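Here are my notes on the chain you asked me to look through. Have the viewer open as you read, and take the points in any order you like.

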Amino acid sequence: MLSSISITLICLSLATPASPAPTSSFALRPRQLHSFPTYDDIFSCPAASWPPVSIGDLLTPQLPDHELQKILAEIDPARIEAIIASLASFGTRHTLSSQTDPVRGVGAARDWIAEQMRSFAAASEGQMEVTVPSYVQPPDGDRILFPVRISDVVATLRGSVDPDRHYVVSGHYDTRCSDPNDFECDAPGADDDASGVAVSMELARIMATRRPAATIVFAAVAGEEQALYGSQYLARSYKNASVNVQGMFTNDIIGSSTADDGTKDPYTVRLFAQGSPTTESAAMARVRATIGGENDSAARELARFVVGVAENNYTQMNIAVVYHYAHQHQNTRVEKGKQYGDLIDFVDFEYIARVGRVNGAALWSLANAPASPRNVTVNTTLLSNNSQFQWLASNESLLAGYEILWRPTDAPFWTHAMPLGKVKTATIGLSKDNVIFGIRAVGRNGYGSPASFPFPG
Ligand SMILES: [Zn+2]
């Protein structure tokens, strides 16, 4: 499944750098402290046929461990600024611009990104591989005027324990002007989307020397402005090769902490998370509707996971999850504010660094947790106030056990958790009619996976 992160940015001139925002103005939204319901809230329904129970605990966020704290601290606004300045210096990175000019155009940008990624990979002791997969896109009668090679730059950091399981972060390196087919005008694309590419590159640099349990892919894709050609090619290539991609974040336009109306919110990023998958079979969609699972797609579970691991004092970011699907992009995205004109003067590097920390915390936490449990089912024929679950047992070496999570049916985020041990079935004293459940795996390192939503079975 694909889920993504993207964002929009703005705000600093190279000539007169803005001073970094004072970190003291960051305040964590009291999501965990006040907005979660109590047991009384959950069980206040007069039809509830059981006394208030006291099982499980209020769910608490998973804070970064020592290594992740170091990773997040290494994300450097000055390096992000340098990356964006280099990308903007190619004049245009339009998909139809020159692929051979060494100074101007999309080809020069592609080669520079690949060279940078290879320099990061050189420090990985062979664990990071950089490729530039490409294909020739024929004219499409719209934004591709002549046959053009679309090239992605992909740095793959092989997982040390579960290398088949992949997590992807991407930004797009192509740009455009007002006329999407004008490939000669200057299109520096500082915000859209050198900002997103900078996050992929800075995370690749920092993580290259480290050893995540699962594989992390840092990508800069092309052809986005012409119709998402590069990202579709990457996704199709993974699908054709049966690569197990368990999550993806796309950062698009993450450079601005200032909205169109001038308001500033430099400590919030929007995370767009798709609902029911459009690829789901009609039969599966019907089952999902009958059990109220429309808010529990894999992308939504991933978004809940990101909030749990990346909204904290280490990223200094609040995450505004948007349960919405942007059809024109077909990716879940994080955006912030709107773009004004895409010069580097409007880019806020401290803000991008914080968005990078959100990505870094999410990716590292995913790649060091066990995989989400598979084939999780709930027994819907059980006529009692208990709920009974089962799932496929895993023999992952990372795995310590499982937890069940739940929330009231109208709550957006998990509120409670209860450890289950290393089992493959569980019965708990809460009714499936009154709460929504998820099962997650927990590693020996304490890292939790995104939850899996139980379908009837
Ligand atoms: Zn974009």
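1. Arg205 counts as buried, because 22 C-beta neighbours lie inside 10 Å and the cut-off for burial is 20 or more. Its place is in helix α6. If you measure across to Ser124, you will find the two residues 81 apart in sequence and 9.3 Å apart in space, C-alpha to C-alpha. Please keep in mind that this is a predicted model.

2. While you are on helix α6, which spans residues 190–207 and includes Asp193, have a look at its peptide bonds. The one that runs from Asp192 to Asp193 is cis, and its omega is near 5°. I would simply flag that bond for your own inspection.

3. Gly189 sits in the loop between β6 (162–172) and α6. Is Gly189 buried or exposed? Gly189 counts as buried, because 30 C-beta neighbours fall inside 10 Å and 20 are enough. Setting aside residues up to four places away in sequence, Gly189 touches Leu87, Ala88, Arg93, Thr175, Ala194 and Asp342. Leu343 is 154 residues away from Gly189 along the chain, yet their C-alpha atoms are separated by 6.8 Å.

4. Now to helix α4 (residues 77–88), where you will find Ser86. Ser86 is partly exposed, because the 16 other C-beta atoms within 10 Å put it between the limits of 12 for exposed and 20 for buried. Between the C-alpha atoms of Ser86 and Ala109 the separation is 8.5 Å, and the two residues are 23 apart along the chain.

5. The largest nonpolar core has 112 residues. Which residues have the most contacts inside it? They are Ile84, Ala155, Ala219 and Val306. Helix α11 gives the most to this core, with 12 residues. Domain 1 (68–367) and domain 2 (371–456) each supply at least three residues to the core. As general background, nonpolar side chains tend to be buried together in soluble globular proteins.

6. Two of those core residues lead to further contacts. Ile84 is in contact with Ala190, Ala194, Ser195, Ala198, Ile344 and Val347, once its neighbours within four places in sequence are left aside. Val306 belongs to α10 and, together with Val309 and Ala310 of that helix, meets Val358, Ala361, Ala362 and Ser365 in α11. By class, this contact of α10 with α11 has 6 nonpolar residues, 1 polar residue and no charged ones.

7. How do α10 (residues 298–310) and α11 (residues 349–367) pack, and at what angle? The angle is about 110°, and the axes are 9 Å apart. That makes α10 roughly perpendicular to α11, because the angle falls in the range from 65 to 115 degrees.

8. Two residues other than glycine deserve a look for their positive phi. For Ile253, phi is near 60°, and the residue lies in the loop between β8 (244–251) and β9 (268–273). For Asn375, phi is about 55°, and its loop is the one between α11 and β12 (377–378). Their surroundings can be set side by side. Ile253 is buried, with 26 other C-beta atoms within 10 Å. Asn375 is exposed, because its 12 other C-beta atoms within 10 Å meet the limit of 12 or fewer.

9. In strand β14 (residues 399–408) please find Trp406. Trp406 counts as buried, with 25 C-beta neighbours inside 10 Å. What does Trp406 touch, not counting residues up to four places away in sequence? The partners are Trp414, His416, Leu430, Val435, Ile436 and Phe437. Ala451 is 45 residues from Trp406 in sequence, and the two are 9.9 Å apart in space, C-alpha to C-alpha.

10. Last, some totals for the whole chain. It holds 11 helices and 18 strands. Of its 457 residues, 50% are buried. Take the contacts between residues at least 6 apart in sequence: 79% of them join residues at least 24 apart.

Conventions:
Residues numbered from 1 in each chain as written. Predicted model: local features only at pLDDT ≥ 70, side-chain atom pairs only at ≥ 80, totals over all residues. Axes fitted to C-alpha atoms, helices over the stretch in contact; angles between N-to-C directions. Helix = DSSP H or I, 4+ residues; strand = E, 2+ residues; numbered from the N terminus. Parallel < 35°, antiparallel > 145°, perpendicular 65-115°, else oblique. Contact = placed C-beta atoms within 7 Å. Nonpolar A, V, L, I, M, F, W, Y, C, P; charged D, E, K, R; others polar. Core = buried A, V, L, I, M, F, W, Y, C linked by C-beta atoms within 7 Å. Domains from an automatic or database assignment.
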